[in-house]
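Thanks for sharing this one. Here are my notes, set out as numbered points so that you can follow them with the structure open beside you.

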Protein chains: 2
Amino acid sequence: MKRNPTSYVILGLLSIQSNLTGYDMRKAVQGSIGYFWAESYGQIYPALKQLTREKLIAASRKSAKGGRQRQEYALTEAGRACLREWLVLPFHNEPPRNEFLLKLFFAGEAAPSVAIAHLQDVQERNRRMLDTLNAIEATVPASQPSNPHLRYWMLTLGLGKTLTRAALEWGDSALVELSAQAAAQLPRSPKANRTASSRSPSRHKR
Amino acid sequence: MKRNPTSYVILGLLSIQSNLTGYDMRKAVQGSIGYFWAESYGQIYPALKQLTREKLIAASRKSAKGGRQRQEYALTEAGRACLREWLVLPFHNEPPRNEFLLKLFFAGEAAPSVAIAHLQDVQERNRRMLDTLNAIEATVPASQPSNPHLRYWMLTLGLGKTLTRAALEWGDSALVELSAQAAAQLPRSPKANRTASSRSPSRHKR
DNA sequence: TGGGTCATGTAATAGGTTACATGATTGC
DNA sequence: GCAATCATGTAACCTATTACATGACCCA
């Protein structure tokens with residue numbers, strides 16, 4: 001049976017923690033696998049209905065928090081089996097579309113400052129990303145020391161940190177190269193092109 | 001005017017080289033930006049028609065190669081202006097959906113060998129990727145030494161290499177960790193679990 | 001009493017893949 | 001003659017986002 005990835009995300013989340021609502025799941029995705037996965041309500045709610053029809057999940061409690069209406073779900077045995085089946089299937093890596101790289105690739109059509117600005121933007125995002133990942137690393141293991149999933153969570157986190165750090169280092173050297181080029185092309189007022197050279201290369205936390 | 005990314009890919013490709021057919025463009029995408037971008041005919045051909053209607057590109061020559069029917073396109077001045085406008089606009093980094101990481105994150109539900117197999121798969125793909133990128137690096141600059149786009153092409157290539165190498169190193173250490181764990185859990189027949197330990201850590205070309 | 005967040009959902013639309021259909025040309 | 005590649009396109013379908021609609025509860 002073919003199922004969309006959102007369904008497996010739901011099954012996976014419920015395998016870790018029961019009694020989540022659709023709203024909870026969205027939050028959980030953003031707060032844990034957010035750096036490599038995204039889900040919107042428009043995907044989650046229909047998927048919840050479909051999974052319920054197929055008895056892979058079941059509505060568990062209702063209106064627990066205060067008197068607030070709240071539809072929580074739990075994994076059924078069939079759902080757990082379905083998740084396990086999917087886990088062993090080979091993954092297909094999606095056609096990755098990176099608009100930053102696309103603009104950089106075609107940047108010869110624009111002034112050097114354009115590429116430099118995009119690079120600075122990407123560096124800034126990556127610095128924030130690394131901070132976020134470091135914060136997760138500092139708090140999660142302490143709060144769930146004996147969680148059997150922890151080892152895998154830390155592995156995904158580790159790849160995120162590794163890739164982000166590598167991207168930051170590449171970005172620094174790319175900025176150096178492009179700034180030098182921009183300076184060479186506009187040698188008349190060396191004080192004017194502060195855009196790139198005024199920022200010192202980011203010193204990354206390890 | 002809002003336009004889909006495929007349109008800008010077409011404009012970008014034509015800014016580098018004229019007289020490409022839709023077929024050529026698909027090939028060019030696969031052979032150059034393929035590691036961070038994908039296009040299908042179902043996107044390209046409709047986009048070509050739309051861009052022609054909007055006069056951002058123009059059908060240039062017909063049936064040049066042999067007697068073969070062949071509709072080639074070229075950038076108009078309006079098209080070039082449109083590309084430049086887009087280049088300076090901030091990029092939005094897409095919600096990245098990485099199924100490998102998704103499976104790794106939820107792998108606690110399955111046997112350790114499942115995660116190990118996925119990891120070996122990803123290492124193999126990354127090794128091949130690095131070979132491809134190295135091959136491009138070895139041939140492209142020699143063939144187009146004075147192309148003004150070359151600097152930017154090499155930058156995107158450099159990021160690809162950097163990220164792939166970083167991923168490979170992470171993968172090696174992840175495999176060591178998971179293999180040790182698997183061995184500790186099945187101490188009865190240490191010769192049996194060859195899946196992970198039989199392969200030596202990949203020695204990557206730099 | 002009003003803003004923020006919890007909570008659920010739908011409709012419009014965009015974005016994209018895959019499979020199919022067609023046919024010519026090139027090279028073995 | 002046959003397979004591979006060049007070449008163009010469409011239709012069906014899936015995936016996914018965004019905006020919208022609705023309303024309750026919490027806290028200041």
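The points below take the two protein chains first and then the two DNA strands.

1. A word on the source before anything else. This is a predicted model, so please read every distance and area below as a value computed from predicted coordinates.

2. Let's begin with how the two protein copies are related. Chain A falls on chain B after a rotation of 180°, with 0.0 Å of shift along the axis and an RMSD of 0.0 Å. That is what a two-fold axis does. If you would like to find the axis on screen, look for L163(A): its C-alpha is 2.9 Å away, the closest approach of any residue in chain A.

3. Next, the surface through which the copies meet. The contact takes in 68 residues of chain A and 68 residues of chain B. Of the interface residues of chain A, 100% are interface residues in chain B as well, so the two copies use the same surface to meet. Together the chains bury about 7000 Å² between them, and carbon and sulfur atoms provide 67% of that area. Which three residues supply the most of what chain A buries against chain B? They are F91(A), R97(A) and F105(A), with 14% of that area.

4. The polar side of this interface is worth a look too. Between chain A and chain B there are 26 residue pairs in polar contact, counting pairs in which both residues have pLDDT 80 or more. On the chain A side, the elements that give two or more residues are α1 (5-16), α2 (22-33), α4 (77-88), α5 (99-105), α6 (112-143) and α7 (150-185). The largest share belongs to α7(A), with 16 residues. By class, this side of chain A has 41 nonpolar, 15 polar and 12 charged residues.

5. Now for the charged pairs. Over all chains the count is 23 salt bridges, and the count between chain A and chain B is 8. One pair to click on is E39(A) with R97(B), whose side chains form a salt bridge at 2.7 Å, N to O. This pair runs between chains: E39(A) sits in the loop between α2 and α3 of chain A, while R97(B) sits in the loop between α4 (77-88) and α5 (99-105) of chain B. R97(B) also appears among the residues that come nearest to DNA strand D.

6. On to DNA strand C. There are 21 residues around this strand, and the closest are Y23(A), Y45(A), R70(A), R97(A) and Q43(B). Sugar and phosphate make up 63% of the strand C atoms that come within 4 Å of the protein. Two phosphate contacts are easy to inspect: a polar side-chain atom of R70(A) is 2.6 Å from a phosphate oxygen, and a side-chain N or O atom of S40(B) is 3.0 Å from a phosphate oxygen. Where does Q43(B) reach the strand? An N or O atom in the side chain of Q43(B) lies 3.4 Å from a base nitrogen of DNA strand C.

7. The surface near DNA strand C draws on both chains. Two or more residues come from each of α2 and α3 of chain A and α3 of chain B. Of these, α2(A) gives the largest share, 4 residues. Sorted by class, the surface has 4 nonpolar, 9 polar and 8 charged residues.

8. Last, DNA strand D. Here 20 residues surround the strand, and Q43(A), Y23(B), Y45(B), R70(B) and R97(B) come nearest. Sugar and phosphate account for 64% of the strand D atoms within 4 Å of the protein. Phosphate oxygens of this strand lie 3.1 Å from a polar side-chain atom of K27(B), 2.9 Å from a polar side-chain atom of Y45(B), and 3.0 Å from a polar backbone atom of Q71(B). The elements giving two or more residues to this surface are α3 (41-53) of chain A, with α2 (22-33) and α3 (41-53) of chain B. The largest share, 4 residues, comes from α2(B). The classes here are 4 nonpolar, 8 polar and 8 charged residues.

Note on methods:
Residues numbered from 1 in each chain as written. Chains lettered and ligands numbered in written order. Predicted model: local features only at pLDDT ≥ 70, side-chain atom pairs only at ≥ 80, totals over all residues. Heavy atoms only, no water. Least-squares fit on C-alpha atoms with pLDDT ≥ 70 in both. Contact = heavy atoms within 4.5 Å. Near = heavy atom within 4 Å. Polar contact = N/O pair within 3.5 Å; in protein donor to acceptor, adjacent residues only side chain to side chain. Nonpolar A, V, L, I, M, F, W, Y, C, P; charged D, E, K, R; others polar. Buried area = accessible area lost by both parts, 1.4 Å probe. Salt bridge = Lys/Arg side-chain N within 4 Å of Asp/Glu carboxyl O.
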